[in-house]
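Please look through the model below with its sequence at hand, and follow the paragraphs in order, since each one takes up another part of the fold.

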Amino acid sequence: MVAMPHTDEVYFATNIRRAVLALGVAACMNPSVTRAQEPLPPAQARAIETIVRTLSIEAATYCAPIVAMYNLRYSIAFAPGARSKPGEIWRFDEIATPEVVRQTGYVTPNVNVLYGYGFVDLRREPLVLNVPDSHGRYYVVQMVDMWTNSFAYAGGAATGYGGGRFALVAPGWRGSLPTGITRIEAPTPWIELQPRVFVKDKADLAAAKAVLDQITITGLAEYEGRAAPPAPTYDYEVPQLDPDIASSRMPFKDPVQFWRICSAAMNENPPPEAQLQATLPAFRVLGLARIGRQWTPQSVDPHVLQVMTGVAGRIVGILSDAAGLEGTRNGWVIPPASVGDAGADYTVRAVVAVKGLTANTAQQAVYYDASIDRDGQPLTGAKRYTLTFAGDTSYLASIPPGFWSLTMYDAASGYTVDNPIDRYALGSADHLSKNPDGSFTIYIQHDDPGPDRRSNWLPSPEGPFYVNLRNYAPVPAVYQRLKSPQTFVAPPPLVPVVESNGASSQRHADRGR
């Protein structure tokens, strides 16, 4: 559940901002004014510090998605040994094992799809996206702007699985396109393309990869047989991050870099005009109100900078707590219907960026996240749990060839978990042991539960973890029900296994069974 101080700061930031403007306190924090003034009385100084901290949390919440996308773009397209240059798609040859996700820095990946990743700069020229007839295999190509909004799809529930061609154009592009191509205008100059193709298991990899390989992008000039425009050069600041933590968790070695990157990324990929007019002016005291001017530490008052630095260092923790703002059901966070395209709901947008960067819209996929058990205690590999699916499982209903899966993640890194049987998820594609009435139990624990239960065993790490339950291509009723989260039928809780003495089972009690 969310810690109240953090919740208050996020939830009431807008109201406090209005109070700042009404009282004229923002003017007091203008560097040219503050340095000329005599020291403020302690009570007033504390009040201003509180207000600046709240503004900083609001601004960091606003910036977190574009900073996360900047980091992901660097790791995929610009880092030493990057797998794809701008304008190319990196196609996975393997499912999202711990080793693979460490290479991408991609948080909370799905292991039931083969991924592709590609960042493209549409300022150079439009790109033609070609998608195949998959003959009934699930796939989708998600198109994400630099603010993490999923603005268009090819395949999946959006266009089906029969194939097609789409032209992706930069904001305001007014050129002509060949016939037979669907035009899609991107909200930002840089976008990410993320194909996903269903894969059942290692034996299914070749067939899944054959579909993934047919998802291609081609420059419009090449498509029309013309010479391509010159390739641009880029000179981006390198994110200095902890390599063992997903880049969307923003583990900057110096938290000040969070604000520099936010400014640079926002200048290159401006938010919508409505946000330029209504949202950014509130960040004037932080030096972030104007597009086109690069933020530097010297551009704000030293006391403001100190507060901003502290907030940047803990914004991921604040947002992780804020994931429970609307509460949980059976220990699961039921996603808002706005996931993937949150509009002006900046808290939802930021929480999704931190917890599951580039999550699909709820029309395409629904994600249920659990980090606590039935009793509200954090999930940990020191305990064993059961998860029993019975009765109403409408939350898993999907349109064929859609599917559901339950995936295990390490709480610290956000990555899949190494284990002796190389099993990272269980779901509708697996041969689960079921009861005659169709109900079944998944055993979630670090140690092997034995041969009778091994088919339903999802291995956990030794320490804290979380799980994500996905429904790809959900029936429309699931999306509609998400609009009323308090009445939504939630997945069952993770139940701690209780020994005969009444205590929760501790894994170390019989390690090696």
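In this predicted model, the largest nonpolar core has 118 residues, and those with the most contacts inside it are Val67, Leu129, Phe258, Trp259 and Leu286. The largest share of this core comes from helix α5, which spans residues 42-78 and supplies 17 residues. A second core, separate from the largest one, has 32 residues, and among them are Trp404, Met408, Phe440 and Val467. As general background, nonpolar side chains in soluble globular proteins tend to be buried together.

Phe258 is a good residue from which to look around the largest core. When its neighbours within four places in sequence are left aside, Phe258 is in contact with Ala60, Cys63, Ala64 and Val67, with Met250 and Phe252, and also with Ala312 and Ile315.

Two of these partners, Ala312 and Ile315, belong to helix α12, and they lead to the place where α12 meets helix α10. How do the axes of α10 and α12 cross, and within what distance do they come? The axis of α10, residues 256-268, and the axis of α12, residues 302-322, come within 7 Å and cross at roughly 90 degrees. Because angles of 65 to 115 degrees count as roughly perpendicular, α10 is described as roughly perpendicular to α12. On the side of α10 the contact is made by Val256, Phe258 and Trp259, which meet Leu305, Met308, Thr309, Ala312 and Ile315 in α12. The residues of this contact divide into 7 nonpolar and 1 polar, with no charged residue.

The strands can be taken next, beginning with β12, residues 385-389, whose covered face holds Tyr385, Leu387 and Phe389, whereas Thr386 and Thr388 lie on the uncovered one. Strand β12 pairs in the antiparallel sense with β15, residues 440-445, over 5 bridges, and in this pairing Phe389 stands opposite Phe440. Phe440 is also one of the residues of the second core. Strand β12 is joined as well to β18, residues 495-496, by 2 bridges, and these two strands run antiparallel; here Thr386 has Val495 as its bridge partner.

Elsewhere in the strands, an open sheet of 5 strands follows the order β10-β11-β17-β13-β14, with antiparallel pairing. Its edge strands are β10, residues 332-333, and β14, residues 425-427, each of which pairs on one side only. The partner of β14 is β13, residues 398-410, and the two pair in the antiparallel sense over 3 bridges, with Thr407 standing opposite Ala425 in β14.

Key: Residues are numbered from 1 along each chain as its sequence is written. This is a predicted model: local features need pLDDT of at least 70, side-chain atom pairs count only at pLDDT 80 or more; totals for chains, interfaces and linings use all residues. Side-chain values use heavy atoms; hydrogens and water are left out. Two strands pair if DSSP finds at least two bridges between them. Helices (H or I, at least four residues) and strands (E, at least two) are DSSP runs, numbered from the N terminus. Buried means under 20% relative accessible area, exposed over 50%, partly exposed in between (1.4 Å probe, protein chains only). Axes are lines fitted to C-alpha atoms, for helices over the stretch in contact, and angles run from 0 to 180 degrees between N-to-C directions. Angles under 35 degrees count as roughly parallel, over 145 as roughly antiparallel, 65 to 115 as roughly perpendicular and the rest as oblique. Contact means heavy atoms within 4.5 Å. Ala, Val, Leu, Ile, Met, Phe, Trp, Tyr, Cys and Pro count as nonpolar, Asp, Glu, Lys and Arg as charged, and the others, Gly among them, as polar. A nonpolar core is a set of buried Ala, Val, Leu, Ile, Met, Phe, Trp, Tyr and Cys residues joined through side-chain atoms within 4.5 Å.
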